[in-house]
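Please study the structure shown below before attempting the exercises. Each task is followed by a worked solution.

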Amino acid sequence: MLGRLADVLIRRRRLVLAITGLGLVMAAVVGGGVANRLNSGGFTDPNNESSHAATVLDDTFHLGSPNFWLLVTAPGGVDRPDAVAAGRDLTARLAQEPGLTQVVSYWTSGGDAALRSRDSHKALVIAVVRGSDDQIRHRVEQLTPKYTGTAGPLSVRTGGIAQVYSEVSHQIRDDLARAELIAIPITLVLLIIVFASVIAALMPLAIAGIAVFGSFFILTVLVSVTHVSIFALNMVTAMGLGLAIDYSLFIVTRYREELHAGRDVNDAIRVTLMTAGRTVVFSSLTVALALAALLVFPLYFLRSFAYAGIAVTLLAGVGAIVVLPALLAVVGKRIDRFSLRRRPPKPDHEGLWHRIALGVMRRPIPIATAIVGLLIVLGLPFLGVHFGLPDDRVLPPSANAHVVGDVVRSEFPGGQANQVDVVAPNVVNARTHLVDVSSYSERLSALPGVVRVDSATGSYAGGKQVAKPNALSARFLADNATWLEVQPAVYAYSDSGTKLARQIRATPAPFDVIVGGASAALIDTEHSIANRVPLAGALIAIATLILLFLFTGSVVLPFKALILNLLSLTATFGVMVYVFQEGHLRWLVGDFTPTGTLDTTTPILMFCVAFGLSMDYEVFLLSRIREQHALTGDTRMAVATGLERTGRLITAAAALLAIVFLATGTSAVSFIKLFGIGMAVAVIVDATVVRGLLVPAFMRIAGNANWWAPRPLRRFHDKYGVSEDVTILVPAQHEPLDAVGTRT
């Protein structure tokens, strides 16, 4: 099949390139502005209890959690007459803004202590900005410059989660531009060095353009029918460039190798597609299926990375096996023009990777034991992981929302956006149940860590009523529903905050209740993710085992790949906790604010992406080992020769991909920094320690069992799997080649 595709691409090469060019222009025009249409949320499950509570509050009571704050500072104190007058005026002006509801301040709430700092020099005006994610972001962008500054004797700054998402959206766009400015020039220089030819080095950039702009086009279409997170753009740019380099390096290397072995251009392209092209097909499918596992999660933040990852991976693969051969057919033997290599490479079986493989296979058990032990030790910090949801601290410390968030956390009772919402959505004739509401409020107010409970019957603290109902109490009642607001003394995303939310859920209620708020959302999000992790893991494992069996005909090699890929991730997961949860090495990775937690979604995201990329390198290496084994039947020499032919290629591709991820790691948004740095570590560890040392050690230990499969599965593979055509592996003449196929 791939041989026939090669014949078509050779004959129709100019038509293929013309259609590709037109498609690329259209994708760039339509998808170029996708960043302005993407959403910045998606970190919670829309179907869990806390989300249901928020929906009931919105639909029944027309209330929402305050997402926009004005932090007001009055040097003489917020209770001075001039500050009171200015504060009331500021609150009234904000309440008149279109799209804002529930505008409340310290001065209009009857002196609510939760809205005043402990030193009485600061106060809050809180509001709900309504609308879709895009509408909220645009509205905040209008409000921020309007209300930042002075208002009489008061100074004002804006904050809240809506402000956070607005600033994050701007920061992501700035970070992407900076990452591209860093990564592209460095990558281009290294591509020229790795390919040792200017013409060959430019080809991955063409494939990267197809993958990136094609993915932008697909995301533009998707955002019209579903939510797509703006953070997925980091996936598109990093993996688009990285996989384009991987696949192009593999294709071009094999093409040059076949040319230098004596084949003409057409035969070289045909053999390249039937060998390296087939490997790229399996690799891209494996990576895409690993990323598809993210679709099982209900959080659209994770699903967005699946959309972006699947699109960019498959487009990079299609570009490598369709567009790249057409380019090679046009370039022909000029692929080596402007070559930079002057010194002939070492002959076959004398290269560094060949010697490493033989050295490892002489002592496979001690080496494998030492490396596995080291990886496990590096991964041990992950046993102490704590999870949280993103807040203002994902932004740089100087960001406006971060500054306001720090002040509110440190100077206001319990912080803001901390309240736990206890909603009773089905209380028939709710006004007849006020005695039950009162007794329930008393029980909740007696819980450790609760400052106050507000309900339709008044305010409660320490297990007793401390205030009678007032005009604001009416907001807690509807015809057939009621709700209570619990003000805690602990921060929502702390262990104490989640413990309190669980205690509230466990407290007996006189009617059916659902519990919402920030701490409840964290509990529910962790639960949603944990419930789907086994399914995602099973899908990845099954897809890996099936594809690798079809590729190799072995049942041993797929399980070996699965185990080694998991081992290769241990160091990465340890780095996550050691650096980004505990705050070490900030001098090295760049400044950020450690919160003592990791975002709940990041480990899942990194696992799927890193596992897919590990399989990418595994397929590359196994393809050459399998070829050599088909020719010689000698597992030991097949491993050594396969590693020799791919070792420099894989490490070069990994180094280039690591640079792209490190550029992403310069982001000022902390969990994007975590993603970039963590993925760079994962790629480097996998391409060097795992592929270069563990794979030869394990294959030497297994020996001929590497290729074993039960007889029924062997017959199945012979009929439906990939079988090596030994005739195409024998070149017309043989010349020693280096890892990128340059002539001796």
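Three exercises follow, on the whole chain, on one helix pair and on two loop residues.

The model is predicted, so that local features need pLDDT of at least 70 and side-chain atom pairs count only at pLDDT 80 or more, while totals for chains, interfaces and linings use all residues. Residues are numbered from 1 along each chain as its sequence is written, and side-chain values use heavy atoms, with hydrogens and water left out.

**Exercise 1. The whole chain**

Task: Describe the protein chain by its helices and strands, its radius of gyration and its buried residues.

Solution.
Step 1. The protein chain has 23 helices and 14 strands; these are DSSP runs (helices: H or I, at least four residues; strands: E, at least two), numbered from the N terminus.
Step 2. The radius of gyration, taken over C-alpha atoms, is compared with the globule rule, 2.2 Å times the number of residues to the power 0.38. For 744 residues the rule gives 27 Å, and the chain has 30 Å, which is close, so the chain is as compact as a globular protein of that length.
Step 3. Of the 744 residues, 58% are buried (buried is under 20% relative accessible area, exposed over 50%, partly exposed in between, with a 1.4 Å probe and protein chains only).

**Exercise 2. A helix pair**

Task: Determine how helix H11 and helix H21 cross, and which residues meet.

Solution.
Step 1. The axes of H11 (residues 352-362) and H21 (residues 670-702) come within 8 Å and cross at roughly 50°. Axes are lines fitted to C-alpha atoms, for helices over the stretch in contact, with angles from 0 to 180 degrees between N-to-C directions.
Step 2. This angle makes H11 oblique to H21, since angles under 35 degrees count as roughly parallel, over 145 as roughly antiparallel, 65 to 115 as roughly perpendicular and the rest as oblique.
Step 3. In contact (heavy atoms within 4.5 Å), Trp353, Ile356, Ala357, Val360 and Met361 of H11 meet Gly692, Leu693, Pro696, Ala697 and Arg700 of H21.

**Exercise 3. Two loop residues**

Task: Are His62 and Ser120 buried, partly exposed or exposed?

Solution.
Step 1. His62 lies in the loop between helix H3 (49-61) and strand S1 (68-73), and its phi is positive, near 55°, in a residue other than glycine. His62 counts as exposed because its relative accessibility is 56%.
Step 2. Ser120 lies in the loop between strand S2 (100-105) and strand S3 (122-129). Although Ser120 is not a glycine, its phi is positive at about 65°. Ser120 counts as partly exposed because its relative accessibility is 22%.
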